[in-house]
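This report considers internal space and nonpolar packing in a two-chain model. Please consult the sequence and the coordinates alongside the text.

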Amino acid sequence: MPRRRGNDARRPAAFVPGARRRQQTVATEIGLLVHTLRELAAIKNTAEDAAGCILAHAEELLASADAGEAARGQEALLSIMTACGFHDLVGQRVTKIAATLDGVIAARVARTPRKTKAVTPRLSRRASALEGPGFPGASLDQDSIDAILAKA
Amino acid sequence: MSVEETMAVDLGMRVLVVDDYKTMIRIIRNLLKQLGFVNVDEASDGSAALNMMRSKDYGLVISDWNMEPMTGYELLREVRADDTLSRTPFIMVTAESKTDNVIAAKKAGVNNYIVKPFNAATLKSKIEAIFGEQSR
């Protein structure tokens with residue numbers, strides 16, 4: 001008869017509920033992260049809709065105003081239009097956050113006791129080498145970029 | 001606001017705007033219209049832009065950097081390496097504001113570099129700078 005070592009006999013019973021609990025916790029976390037990804041996608045879509053709506057009205061105003069009015073309002077309308085670029089910047093930041101969450105999900109899945117289908121991170125290696133929008137004060141402004149370009 | 005008032009530029013030339021965000025293309029298209037440019041085409045990434053450039057003549061390319069499958073930087077390099085296209089003026093309009101990226105774009109032959117968010121005056125001044133340089 002094989003010799004029992006230590007408390008091996010009790011281990012499976014103690015391990016299984018612990019493993020199951022860990023698995024449930026990980027599944028809950030993954031569910032929350034997936035939900036967050038959906039929310040981020042919704043933010044991106046909302047920003048796109050809002051920018052599109054503002055742009056459409058600005059275009060309409062610019063087209064319908066007579067020459068005098070258009071000249072007076074042109075600068076303000078063009079500022080409104082360029083401000084709609086927030087959608088691009090918001091979209092890029094959301095994409096970065098989504099890629100980070102994808103990575104967290106993939107790491108969580110890899111750590112689960114039972115093998116689950118891994119989630120592939122969304123960003124390609126090339127795209128992840130790019131930084132996207134920087135933080136105020138931590139990235140170059142237009143004047144600094146102009147100075148770099150002006151150097152021979 | 002037309003650039004015709006400030007410089008001798010052919011407002012009938014074709015301008016290609018490359019960006020994967022429709023909103024940004026629409027913004028740049030509107031700004032170009034206000035500047036007086038009437039022939040504006042669009043592409044959603046570098047490879048689509050390159051195909052268009054090989055089938056039509058463009059007097060100016062305004063491109064984002066971060067796009068898939070071909071980035072604006074890769075497009076710039078392809079354009080500069082192509083004998084037929086190499087002299088096409090190229091403006092990068094991007095959120096990428098790291099010094100290394102600006103230097104890389106400069107080395108690759110970008111004519112000007114605009115960091116997002118930008119305003120109408122910045123786009124106008126960069127176009128004027130390019131065509132001003134060319135006309136000298």
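In this predicted model, the largest cavity is lined by residues of both chains: Thr82(A), Gly85(A) and Phe86(A), together with Met24(B), Lys116(B), Pro117(B) and Phe118(B). The lining comprises four nonpolar residues, two polar and one charged. The space inside amounts to about 40 Å³, and a search of the whole structure yields one cavity of 30 Å³ or more.

Met24(B), part of this lining, is also among the buried residues of α1(B). Of the 14 residues in that helix, 10 are buried, so α1(B) is largely enclosed by the rest of the structure. Among the buried positions are Ile28(B), Leu31(B), Leu32(B) and Leu35(B), as well as Thr23(B), Asn30(B) and Gln34(B). From first to last C-alpha the helix reaches 20 Å, close to the 20 Å expected. Gly36(B), just after α1(B), adopts a positive phi of about 110°.

The largest nonpolar core contains 34 residues, and Leu32(B), Phe37(B), Leu60(B), Ile62(B) and Ile127(B) have the most contacts inside it. The following elements are among those giving two or more residues to this core.

| Element | Residue range |
|---|---|
| α1 of chain A | 11–64 |
| α2 of chain A | 67–83 |
| β1 of chain B | 14–18 |
| α1 of chain B | 22–35 |
| α5 of chain B | 120–135 |

The largest share, seven residues, comes from α1(B). Beyond its neighbours within four places in sequence, Ile62(B) is in contact with residues including Val15(B), Val17(B), Ile28(B), Leu32(B), Ile91(B) and Leu123(B). A second, separate core of 29 residues includes Leu149(A), Val102(B), Ala105(B) and Val110(B).

Key
Residues are numbered from 1 along each chain as its sequence is written. Chains are lettered from A and ligands numbered from 1 in the order in which they are written. This is a predicted model: local features need pLDDT of at least 70, side-chain atom pairs count only at pLDDT 80 or more; totals for chains, interfaces and linings use all residues. Side-chain values use heavy atoms; hydrogens and water are left out. On a 1 Å grid over the protein atoms alone, a cavity is a set of points where a 1.4 Å probe fits but cannot get out, and a pocket is an open set with protein on both sides within 12 Å along at least five of seven lines; lining residues have an atom within 4 Å of a point. Grid points are joined across faces, edges and corners, and a volume is the space filled by probe spheres set on the points. Ala, Val, Leu, Ile, Met, Phe, Trp, Tyr, Cys and Pro count as nonpolar, Asp, Glu, Lys and Arg as charged, and the others, Gly among them, as polar. A nonpolar core is a set of buried Ala, Val, Leu, Ile, Met, Phe, Trp, Tyr and Cys residues joined through side-chain atoms within 4.5 Å. Buried means under 20% relative accessible area, exposed over 50%, partly exposed in between (1.4 Å probe, protein chains only). Helices (H or I, at least four residues) and strands (E, at least two) are DSSP runs, numbered from the N terminus. Contact means heavy atoms within 4.5 Å. The expected span of a helix is 1.5 Å times one less than its number of residues.
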